[in-house]
Amino acid sequence: MDSSSVTRTVSVTRMNSGDHACLGFDDDETRWELRAAYADIGLSRGELVVFFTDRATTPALAAEHLSSSGFPLGPALMDGRLVVVNEVPGYDPDTGFDPAERAQTWVELTDKARHDGFSGIRVVGDMGWAAEPGIDHDLLVEYESGLSPLFAEIGFTAICEYDRRKFDDGLLDRIRLAHPKRALRHLGALDVARTGTELRIAGDIDLATREEFDSALAHALAGPDRPRMLDLSELCFMDVHGASTLVRLAGRLPCDHLLTVHCRPEQDKVIRLCGAAEVPQLVLGEG
């Protein structure tokens, strides 16, 4: 399978310009925590941040939720760097869903944001409207699939929020596959995924996820079908314990089994400090 066609898991804090991710959530408090962290990153980069929400979410209510999540972003709401929009572009309960009109809105928003001096734009879209009667699910999935190349071209960063309490699992699976990225459902979470000979780990490797990481890596490296590639490029954080575990388990591999690790400079440094040079089975390369 071509790994480039597989949906990759990523923390909202690791989303880059042009990324298009879906978030399946079932807890509103956690969703606001993710929104807050995502918005904070965008604001730090000089981007315009827009929340397309349900009609009940006012700017004042958004400020309250964001502050409760530990991100006092009220000033950004006041000066227009963070905007709350209650309308749904390209959808009208009477006339239905117009994918072309919705996509054109994203192009126009991006152009306006850059004209107004922002470095880019990042958006959260509450997709609750798509659970309304009469929405063509095939058209919805086709629309989501077609957005990724457009977003990458214009530098439009987006999270599409799907409430798991409103959509059936079959449709959510199709929607997930229509996105190149899937957002982790919690800040500080860990995700381990296997595709062919590649093992991908995203999120955080720290005290909270230590046991999960140790178990997953030990299991993957112990069997006869061991991965040849370990992709850590989507990690937000890796502690010394995690790096030491990787070095120790790699040292137990057969001498002829090389494990190539793709990671960012931060992880590369800590893995080397934990003795990677003494393990010939471990091949480090920045991802």
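A residue is called partly exposed when its relative accessible area falls between the limits for buried, under 20%, and exposed, over 50%. In this predicted model, Arg185 is partly exposed, with a relative accessible area of 29%. The side chain of Arg185 forms a salt bridge with that of Asp26, with a distance of 2.8 Å from N to O. Asp26 sits in the loop between strand E2 (20–25) and helix H1 (28–44), and Arg185 in the loop between strand E9 (181–183) and strand E10 (190–195), so the salt bridge ties together parts that are 159 residues apart in sequence. Asp26 is also partly exposed, because its relative accessible area is 40%. In total, 21 salt bridges are counted in the model.

Helix H1 contributes further charged pairs. Arg31 forms a salt bridge with Asp28, and the closest N and O atoms of this pair are 3.6 Å apart. Both residues belong to helix H1, where they are three residues apart, about one turn of the helix. An α-helix has 3.6 residues a turn, so residues three or four places apart point the same way. The two partners differ in exposure class: Arg31 is buried, at 7% relative accessibility, whereas Asp28 is partly exposed, at 37%.

Arg31 has a second partner, Glu161, and the side chains of these two residues meet in a salt bridge of 3.0 Å, N to O. This pair links distant parts of the chain, as Glu161 lies in strand E8 (residues 156–163) and Arg31 in helix H1, 130 residues apart. Glu161 is buried, with a relative accessible area of 2%. The residues Arg31, Asp28 and Glu161 are among the members of a network of salt bridges, which also includes Arg35, Asp126, Asp163 and Arg165.

Acidic residues are also found at the surface. Asp92, Asp94, Asp98 and Glu101 form a negative surface patch. Within this group, Asp94 is placed in the loop between strand E5 (91–92) and strand E6 (96–97). Asp94 counts as exposed because its relative accessible area, 73%, is over 50%.

The cysteines were examined for disulfides, and the structure holds zero. A disulfide requires two cysteine sulfur atoms within 2.5 Å. The sulfur closest to that of Cys22 belongs to Cys160 and is 7.6 Å away, so the two are too far apart for a bond. Cys274 is likewise in no disulfide, as the nearest cysteine sulfur, in Cys263, is 12 Å away. Cys22 is buried, with a relative accessible area of 6%, while Cys274 is partly exposed, with a relative accessible area of 22%.

Helix H9 covers residues 265–273, and its buried residues are Gln267, Asp268, Val270 and Ile271. The helix is followed by Gly275, which has a positive phi, near 100 degrees.

Technical notes: Residues numbered from 1 in each chain as written. Predicted model: local features only at pLDDT ≥ 70, side-chain atom pairs only at ≥ 80, totals over all residues. Heavy atoms only, no water. Buried < 20%, exposed > 50% of the residue type's maximum accessible area, 1.4 Å probe, protein only. Helix = DSSP H or I, 4+ residues; strand = E, 2+ residues; numbered from the N terminus. Patch = residues over 30% accessible without salt bridge, like charges linked within 9 Å, V, L, I, M, F, W, Y side chains within 5 Å. Areas by Shrake-Rupley, 256 points an atom, 1.4 Å probe, with all protein chains shown as cover. Salt bridge = Lys/Arg side-chain N within 4 Å of Asp/Glu carboxyl O. Lys, Arg positive; Asp, Glu negative; His and termini not counted. Charge placed at Lys NZ, Arg CZ, Asp CG, Glu CD.
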